[in-house]
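Work through the following exercises with the sequence and the coordinates at hand. Each task is followed by a worked solution.

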Amino acid sequence: MTMNRRFFLGTSARAGLVLPFARALPVLAQEQVFAHGVASGDPLTDRVLLWTRVSGSSDERVAVRWQVARDSGMQDVVSEGEGTTGPGRDYTFKATAPGLKPGTTYHYRFEALGEQSPIGRTKTLPRDTDHVRLAFVSCSNLPFGYFNVYRRIAERDDLDAVLHLGDYLYEYPNRGYGDGTRFGRAPEPNKEITTLSDYRTRHAQYKTDPDLQEVHRLHPFVCVWDDHEITNNAYTDGAQNHQIEEEEGDWFVRRTAAVKAYFEWMPIREPEPWPSQRTWRTFRFGKLLDLIMLDTRLVGRSRQAEWGDVEGMRHPDRTLLGDRQERWLYGELAATKAAGIRWPVLGQQVMMGPMLDADGNPQNPDQWDGYETSRNRLFDFLESERIGNLVVLTGDVHQSWGMDVPRNPLAGYDPDTGAGSYGVDFVATAVSSPSSKLRRLGNEEAVAAEVAAELAANPHKQFGEAFHRGYCVLDLKPDRIQNDWYFVPTVEEKSDQQRWAAGIRVASGTQHGVRADGPA
Ligand SMILES: [Fe+2]
């Protein structure tokens with residue numbers, strides 16, 4: 001590789017030489033080379049994954065250098081290295097920065113084509129802690145409006161990590177789901193994305209959003225995909241929005257293209273050996289929590305039953321996780337208990353707590369309700385192994401819900417004490433996608449009335465809301481957790497406002513949520 005003068009900067013800075021750098025560079029050039037920002041992800045106690053993308057070269061190999069420092073001025077460099085990228089991975093670049101200390105904030109930057117990237121901030125996992133804060137989000141749709149939610153999270157300095165629970169982008173053409181023309185946010189290419197080139201172009205466009213860039217720059221992310229990173233209501237062998245007769249091609253070719261682009265463009269550790277599509281993995285935060293990330297979408301999911309087909313939703317052959325991931329999950333939960341970890345936390349896509357209609361029947365076959373046998377096996381395992389304090393974090397539905405997770409909310413469960421509950425499920429609303437209730441009913445009052453009726457039919461739910469977009473913050477301590485919902489007033493214009501909407505507190509050992517008076 002070509003070593004230019006700037007590539008020696010890190011060494012010189014460590015030796016105490018003060019060289020002019022970022023501010024001496026032309027701003028436009030930095031924005032051109034690092035047009036998609038910087039990101040970090042999948043932190044461990046001693047390492048973190050760094051991500052960027054180099055624009056402006058058509059070379060087969062482009063050298064990229066990275067540095068991690070203790071200070072935001074990048075003087076005290078503690079880890080550095082170099083590698084290459086090229087067209088085979090769409091000029092995206094990942095490196096793992098090793099040799100870091102646990103529970104520590106670091107700063108990082110890249111250098112490529114003679115330019116330096118913006119300086120990012122990240123944090124390693126703690127080895128020993130009695131307090132952790134995680135933000136979690138899902139469903140960021142460019143054509144529905146602005147990512148004000150990402151900006152609010154970027155502004156926070158109280159977070160250990162940000163979880164993205166899927167629908168990081170959407171596959172539709174403009175007006176397929178949202179009209180971006182009025183915001184200058186029409187999706188590119190303007191078609192339903194099906195090929196590797198399509199998926200790469202869509203990822204690249206999302207990563208030009210300044211609010212998205214800022215939240216990635218300032219927090220480490222832990223990401224999993226849901227369906228729209230591939231296509232709507234995907235399952236292992238197909239998807240609602242995949243039609244071979246409309247020349248969308250072979251499902252597995254499309255799925256592999258979407259997954260390849262995802263691994264290229266997201267700050268996620270890539271499974272080895274490729275082409276494994278494994279995203280299920282665990283992050284340990286001292287003795288306080290194990291964050292167990294699941295793939296309920298691609299690796300094991302049987303095709304969904306039809307809406308309202310209660311018998312189909314209960315069919316014993318249906319699986320949500322697949323055998324291999326399900327056995328792995330039980331192993332992880334057993335390991336969490338054996339290690340004396342207080343809170344097992346599942347980061348995943350679809351609502352685990354039941355959602356019953358007025359007749360007491362489950363509704364949505366895309367959620368855990370549609371895979372009742374899988375859910376019952378998990379409950380049986382928790383019961384037989386005496387594992388409590390389960391916390392489930394969910395995205396997907398563009399609605400806010402907080403609930404206990406009983407087998408049946410109407411029998412063998414006490415909504416006053418939580419007796420009969422296996423854990424709690426907190427559902428974050430979307431970054432920008434509207435709820436189906438909002439699209440169908442059109443106004444806040446009608447949405448609120450329908451949510452009120454659903455709360456009445458579901459005594460295990462303590463909170464529900466389906467009008468606002470926003471995010472959640474999960475605050476964990478040994479004796480209790482609290483989940484807080486924050487809402488933004490609009491996504492149709494840029495806004496710097498947010499408000500705390502609700503909180504639910506869970507005392508250790510109860511598996512039962514209680515409404516909180518204020519944020520944690
Ligand atoms: Fe979504």
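A residue counts as buried under 20% relative accessible area, as exposed over 50% and as partly exposed in between (1.4 Å probe, protein chains only). The model is predicted: local features need pLDDT of at least 70, side-chain atom pairs count only at pLDDT 80 or more, and totals for chains, interfaces and linings use all residues. Residues are numbered from 1 along each chain as its sequence is written, and side-chain values use heavy atoms, with hydrogens and water left out.

**Exercise 1.** Determine whether glutamine 243 is buried or exposed, and locate its surroundings.

Solution. Glutamine 243 sits in the loop between strand 13 (238–239) and helix 6; helices (H or I, at least four residues) and strands (E, at least two) are DSSP runs numbered from the N terminus. Its relative accessible area is 19%, so glutamine 243 is buried. Its side chain reaches the backbone oxygen of glutamine 240 at 2.8 Å.

**Exercise 2.** Check the radius of gyration of the protein chain against that of a compact globule.

Solution. The radius is taken over C-alpha atoms, and the globule rule is 2.2 Å times the number of residues to the power 0.38. For 520 residues the rule gives a value near 24 Å; the protein chain has 23 Å, which agrees. Along its principal axes, the C-alpha trace spans about 70 × 55 × 45 Å. Buried residues make up 61% of the 520 residues.

**Exercise 3.** Compare the span of helix 9 with its expected span, then describe its cover.

Solution. The expected span is 1.5 Å times one less than the number of residues. Helix 9 (residues 372–384) has 13 residues and should therefore span 18 Å; its end C-alpha atoms are 18 Å apart, in agreement. Its buried residues are Thr373, Ser374, Arg375, Leu378, Phe379, Phe381 and Leu382. Their cover includes helix 8 (323–338) and strand 17 (390–394). After helix 9 comes arginine 386, whose phi is positive, near 55°.

**Exercise 4.** Which residues of the largest nonpolar core touch the most other members?

Solution. Such a core is a set of buried Ala, Val, Leu, Ile, Met, Phe, Trp, Tyr and Cys residues joined through side-chain atoms within 4.5 Å. Among the 46 residues of this core, Tyr150 and Ile153 touch the most other members. Elements giving two or more residues to the core include helix 3 (148–155) and strand 9 (132–137). Helix 6 gives the most, with seven residues.

Conventions: Contact means heavy atoms within 4.5 Å. A polar contact is a pair of N or O atoms within 3.5 Å; within protein, one must be able to donate a hydrogen and the other to accept it, and residues adjacent in sequence count only if both atoms are side-chain atoms.
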